[in-house]
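Open the model in your viewer and keep the sequence panel visible. The stops below say what to select next and what is there.

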Amino acid sequence: MRTWLTTVIFLFLAIQAFQWVKGFILPLPIYVMAGAFLAIASNYDKGLAPLFKSFSPSSANPIMETTATLVEEPPQVLNGGQ
């Protein structure tokens, strides 16, 4: 009888706890803070230096700097009717 009563009380408490957790809703700021925390935690190894690195216009497009070349056209020779 003691085991049966303990099992019934445990199941009742477990069901009540499940219903409480199921109906529990966190407010929006908690979700925003949790998302910010996850973003910080996932990028922790990168550090904060890239966020505060100065951005210079000369390094805005390094591809253009290395691939742009000046091509001179060869002089055109006119055939004077030959």
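**Whole chain**

Start with the surface of the protein: about 8,600 Å² is exposed, and carbon and sulfur atoms supply 70% of that area (Shrake-Rupley method, 1.4 Å probe; for residues, only the protein chains shown count as cover). This is a predicted model, in which local features need pLDDT of at least 70, side-chain atom pairs count only at pLDDT 80 or more, and totals for chains, interfaces and linings use all residues. Residues are numbered from 1 along each chain as its sequence is written, and side-chain values use heavy atoms, with hydrogens and water left out.

Switch to cartoon: the protein has four helices and zero strands, in the order α-α-α-α from the N terminus. Helices (H or I, at least four residues) and strands (E, at least two) are DSSP runs, numbered from the N terminus.

Of the 82 residues, 0% are buried (under 20% relative accessible area; exposed is over 50%, partly exposed in between; 1.4 Å probe, protein chains only).

**Confidence**

Colour by pLDDT, the predictor's confidence in each residue from 0 to 100. The average is 77, and 63% of the residues score at least 70. H1 has the highest mean, 92, and H4 (residues 62-67) the lowest, 55.

**Helix H2**

Select residues 28-42, which are helix H2. Its 15 residues reach 21 Å from first C-alpha to last, close to the 21 Å expected at 1.5 Å a residue (1.5 Å times one less than the number of residues). The count of buried residues in H2 is zero.

Which class does Ile 30 fall in, buried, partly exposed or exposed? Ile 30, in H2, counts as partly exposed because its relative accessibility is 37%.
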